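Visitor: I would like to learn how to read the pockets of a protein, and I would be glad if we could go through them slowly.

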Amino acid sequence: MRLTYTSDVWWKNAVVYCLDVETFKDGNDDGIGDFRGLTQQIDYLAGLGVTCLWLMPFYPTPNRDDGYDVTDFYAIDPRLGTLGDFVEFMRTAHDRGLRVIADLVVNHTSDQHPWFKEARRSKDSPLRDWYVWSDTPEPDDPKQVVFPDKENSIWEYDEGSGQYYLHSFYRHQPDLNVGNPEVRDEITRILGFWMELGLSGFRVDAVPFLIENVNPKLANPHEFLADLRAFMTRRKGGSILLGEVNVPYPDLMRYFGKGLGDQLTMCFDFIGMQHAWLSMARGEAEPLGQALRERPKPPQDCQWAMFLRNHDELTLDKLSEEERQEIFEAFGPREDMQIFGRGLRRRLPTMLGGDLRRIKMAYSLLFSLPGTPVIFYGEEIGMGENLEEEGRLAVRIPMQWSEDGGFTQGNRPVREIPEGSFAPDRVNVADQKRDTDSLLRWFQLLIERYRECPELAWGEYTVLETGHPAVMAHRCDADGASVVVAHNLCDTAVDVELKLPGLESYRLTDLLVDGTVKVSPEGGVRLPLDPHGCRWLRAAPPEVPPEDASVKSQ
């Protein structure tokens with residue numbers, strides 16, 4: 001298929017930027033981020049080059065799980081502003097060409113939600129079946145407990161009504177029951193409400209829990225996802241569902257739909273992410289290369305979402321115990337850096353010891369891997385974490401705008417800002433804007449080049465043999481255009497020999513620095529790589545300028 005009219009499926013080569021309104025920018029000096037503050041920074045985000053903002057939960061909440069315990073799906077938490085502020089933010093984002101998606105957290109509600117208060121009032125409540133109840137706690141599989149450091153069961157006794165309710169996560173987050181058609185209809189109304197206010201889609205939280213932990217069991221749980229997708233397409237063509245589905249590849253493919261892509265539009269590649277970290281820990285390309293070789297191709301209009309870090313812990317659950325320990329030893333050896341025994345509560349720059357070469361290489365790898373890159377706020381300037389904060393809040397710290405923080409003019413920010421090597425006086429937006437060699441400028445270059453290379457997101461990719469264990473190389477081909485990418489995961493300069501069939505006698509133009517390399521008439525090329533070096537190379541026949549060799553998208 002020719003890559004024309006790519007804007008119809010904008011998500012396939014978008015750049016998604018995840019942020020928490022609460023910790024991004026304070027607009028009224030009360031120490032809490034809000035929509036007014038976020039709106040003030042829209043030009044910064046547009047200048048960075050991102051194309052889609054993903055907002056973490058902004059709904060009213062008791063805030064016992066950083067907003068993922070919702071008490072009203074149709075409102076804005078008063079700490080973050082009003083619906084009027086939200087609409088002004090949406091208008092400004094759209095004016096700058098940015099799309100916006102938001103967290104859809106409908107696996108559960110807060111136990112303070114009016115629905116649950118009514119449901120637990122009595123067994124005869126009209127909302128009783130909006131949640132999952134049992135006379136006895138069903139047998140627990142320890143693997144089902146998501147937060148083993150906080151919970152030892154997924155059932156909680158409700159003294160008022162004499163039954164147990166299901167909570168896949170914390171006990172203060174009772175699971176909604178999508179086995180009830182009334183609940184499914186309500187979720188659809190929630191989507192419709194926010195789409196009317198301008199959202200282009202949703203990141204769906206904990207998708208397997210949402211459709212599996214219900215009563216009665218759905219005959220085909222995936223029909224619900226298909227119904228949601230169909231509703232969204234009818235209401236607003238081009239809207240998306242980005243799914244958090246951390247399951248093995250064969251199981252995950254069902255969440256895209258039966259070869260049609262009629263359920264989730266995109267799914268996070270947790271397996272590729274975890275193997276990328278294993279490769280960086282070992283300084284060896286094979287773990288990531290093997291994951292990419294084994295990764296199934298999504299349906300035509302669907303896409304993988306690529307990431308190295310997000311708002312949660314760095315989960316390592318798809319690796320063996322020995323592999324997890326390798327990553328712990330390399331990137332988080334202290335117990336306070338780890339969480340649940342299966343992940344890390346650190347940001348990428350601190351895990352890489354603040355080594356700018358390695359950090360730049362890691363993000364180059366992210367943006368060049370086949371799929372849609374998703375970044376977490378503050379990554380573009382190399383923010384660290386604050387291990388004094390509890391659990392996953394360690395990485396959800398205030399954005400560092402200037403040397404004095406710049407997040408708020410109030411007396412105290414909503415969370416503590418880290419001290420030391422990653423404090424605002426050393427890591428901030430203002431300074432990096434003035435430094436042409438900064439990580440911020442590197443991000444801008446990577447985003448610009450990624451957007452200029454639709455082959456990376458749209459093309460057929462091939463993992464290349466390099467002859468060196470530390471070098472990860474792949475090529476992406478689409479409509480006769482090719483991009484070749486290589487990354488050196490070790491601290492030693494290396495030269496690698498690549499075989500590039502079909503590109504005999506082509507010229508490879510480096511897209512990140514000045515320089516060209518010529519492919520031999522036999523299709524081979526010798527590629528020098530600096531320590532932790534990275535190269536993006538556009539292939540073009542000798543008589544064709546490199547800028548004319550790219551896929552032309554519309």
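**Reading the pockets**

Guide: Let us begin with the second largest pocket, whose lining residues divide into twelve nonpolar, four polar and six charged; please keep in mind that this is a predicted model.

Visitor: What is the volume of the second largest pocket, and which residues are the closest to its centre?

Guide: Its volume is about 460 Å³, and among the 22 residues that line this pocket, K12, K297, W458, G459 and E460 are the closest to its centre. Two or more lining residues come from each of the elements β10 (303-306), α17 (454-458), β15 (460-463) and β16 (471-478).

Visitor: Between which domains does the second largest pocket lie?

Guide: One looks at which domains supply the lining: here domain 1 (4-107 + 200-450) and domain 3 (460-539) both give residues to it, so the second largest pocket lies between these two domains.

Visitor: How many residues line the largest pocket, and which of them lie nearest its centre?

Guide: The largest pocket, which holds about 1,100 Å³ of space, is lined by 39 residues, and those nearest its centre are V146, F209, N246, D317 and R342. The elements α7 (207-212) and α9 (249-256) are the ones that give two or more residues to this lining.

Visitor: How do the lining residues of the largest pocket divide into nonpolar, polar and charged, and why does this pocket lie between two domains?

Guide: The lining of the largest pocket has 16 nonpolar, nine polar and 14 charged residues. Because domain 1 (4-107 + 200-450) and domain 2 (114-166) both contribute residues to the lining, the largest pocket lies between them.

Definitions and conventions
Residues are numbered from 1 along each chain as its sequence is written. This is a predicted model: local features need pLDDT of at least 70, side-chain atom pairs count only at pLDDT 80 or more; totals for chains, interfaces and linings use all residues. Side-chain values use heavy atoms; hydrogens and water are left out. On a 1 Å grid over the protein atoms alone, a cavity is a set of points where a 1.4 Å probe fits but cannot get out, and a pocket is an open set with protein on both sides within 12 Å along at least five of seven lines; lining residues have an atom within 4 Å of a point. Grid points are joined across faces, edges and corners, and a volume is the space filled by probe spheres set on the points. Helices (H or I, at least four residues) and strands (E, at least two) are DSSP runs, numbered from the N terminus. Ala, Val, Leu, Ile, Met, Phe, Trp, Tyr, Cys and Pro count as nonpolar, Asp, Glu, Lys and Arg as charged, and the others, Gly among them, as polar. Domain bounds come from an automatic or database domain assignment.
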